[in-house]
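I opened my notebook to record what I looked up, entry by entry.

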Amino acid sequence: MTVDVFAPWEDPTEKPLIQFKGVTKRYGSFTAIDNLTQDIYTREFFALLGPSGCGKTTMMRMLAGFETPTEGQILIAGQDMAAVPPNERAVNMMFQSYALFPHLSIWDNIAFGLRRMKMPKAQIEERVEEMLRLTRMTQFARRKPHQVSGGQRQRVALARSLARAPKLLLLDEPLGALDKKLREETQFELMDIQEKTGTTFVIVTHDQEEAMTVASRVAVMDHGKIIQVATPPKIYEEPNSVYVADFIGDVNIIEGAAHKTSEDGYDIHWAEGQEPIHAKTTTVLSEGQKAFVALRPEKISIGEEKPEGAVNAVKGKIIDIGYLGNISTYHVELPGGVMVKAQATNTRRLSRRNFTWEDEVWLSWTLTAASVLER
Ligand code: ATP
């Protein structure tokens, strides 16, 4: 069986739906978006991630037409948006506060925008019913927003945003108001609806797990720049910098000096008198260059004995243990005071606590477990 992988960004003949071309946005002397160039493709679920104030909302607002770039160009479906007002763009923006009309029924909330655009009555009915079916809200159509749950209100807001069939839907923290469990369920609904409607979604979220779950590609931003754009597995497994590695998930960063050992192999000397870390990487480093080994806690095995034949094995002492039910995180001090987190899955319900505080343990990992980064 061949699986058709959705990756239009890898196809040079594919035309992007959205093009940022050298876009800069300044507020006075402050640069919110810094010379940003990025393509986003039809049917993508594109997630913007980054710390508060890095420019995510500014990017969305420029797409929607609520802000104009100071420099550069934004194109949607090949058309320069500079002179196109928000209401004439095939773009809809769904805000964190869904802003449903409390006095209108769910049905009328969804119909609101369609009436405003003077769609014929029969067509409105058809469209609203379709949106209700899509979001599984048909049975609640006559209720007011306060008579349904938070998750259901969220689906109404989505139905309303999609009713006018925008080419592009911008979602600013759309699930921010939901609790964790409902949030996770709604993420899958969101993906399902996105797939069924074929709409392109750009989502801003603070929640990196959410971005990883829903997105076709994740963009990690910092100070108005995109630092890396990649699929969720790639951004997790092959971060291009310490910043990205650290932003997505938990990671150990060990600093050292690089020494080339083969075509794609390096030894990273990280502590006096210690065996260097052996790693394989596509990163090219010069002799003695400062390098960072980025190693995810779940990629490290923890054991009582030195594992035979392990490529990387180092002895340390358990300083702290974090028990999370499904997994435990061990904070282990290595020679020279370097602290490393290693994770183990708790497969048995009442397993004996294998390790405890102050225990001496061996940490080991493979040649390809870590990323070697230049910065
Ligand atoms: P958050 O995650 O906190 O919402 P964000 O990444 O969405 O942050 P933006 O809202 O895009 O950040 O803001 C980017 C930067 O631009 C911030 O430093 C913000 O203070 C600044 N900024 C945004 N709008 C304006 C404005 N109208 N005037 C001046 N500065 C602004």
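The entries below cover two helices, a sheet and a ligand site.

**Entry 1, the model.** I noted at the start that this is a predicted model.

**Entry 2, helix H5.** I began with H5, which covers residues 180-197. I checked its length: at 1.5 Å a residue, its 18 residues should span 26 Å, and the end C-alpha atoms are 26 Å apart, so the two values agree.

Which residues of H5 are buried? I listed Arg183, Thr186, Gln187, Glu189, Leu190, Ile193 and Gln194. I set a general point beside this list: residues three or four places apart in an α-helix point the same way, because there are 3.6 residues a turn.

I then looked up what the buried residues of H5 pack against. Three helices are there, H3 (121-134), H4 (150-163) and H6 (208-214), along with the strands E3 (45-49) and E8 (200-204). After the end of H5 I found Gly198, which has a positive phi near 70°.

**Entry 3, helix H2.** I turned to H2, residues 106-116. Its buried residues are Ile106, Trp107, Asn109, Ile110, Ala111, Gly113 and Leu114. H3 and H4 are among the elements that cover them. Both of these helices also came up in my entry on H5, as packing partners of its buried residues. Just after H2, I noted Lys118 with a positive phi of about 60°.

**Entry 4, the sheet.** I looked up an open sheet of 5 strands and wrote down its order, E15-E19-E16-E17-E18, with antiparallel pairing. Why does one side of E15 and of E18 have no neighbour in the sheet? Strand E15 (301-303) and strand E18 (339-345) stand at the edges and each has a single partner strand, so one side of each is left free of a sheet neighbour. On average, neighbouring strands of this sheet are turned by 45° against each other, direction ignored.

I then took one pair from the sheet. E16 (residues 312-323) and E19 (residues 360-365) run antiparallel and are joined by 6 bridges. Lys317 stands opposite Glu360 in E19.

**Entry 5, the ligand.** Which residues are around the ligand? I listed Tyr27, Phe30, Ala32, Pro51, Ser52, Gly53, Cys54, Gly55, Lys56, Thr57, Thr58 and His206.

I looked up distances for three of the side chains. An N or O atom in the side chain of Ser52 is 2.5 Å from an oxygen atom of the ligand. For His206, a side-chain N or O atom is 3.0 Å from a ligand oxygen atom. A polar side-chain atom of Tyr27 lies 3.5 Å from a nitrogen atom of the ligand.

Notes
Residues numbered from 1 in each chain as written. Predicted model: local features only at pLDDT ≥ 70, side-chain atom pairs only at ≥ 80, totals over all residues. Heavy atoms only, no water. Expected span 1.5 Å × (residues − 1). Buried < 20%, exposed > 50% of the residue type's maximum accessible area, 1.4 Å probe, protein only. Contact = heavy atoms within 4.5 Å. Pairing = 2+ DSSP bridges. Axes fitted to C-alpha atoms, helices over the stretch in contact; angles between N-to-C directions. Near = heavy atom within 4 Å. Polar contact = N/O pair within 3.5 Å; in protein donor to acceptor, adjacent residues only side chain to side chain.
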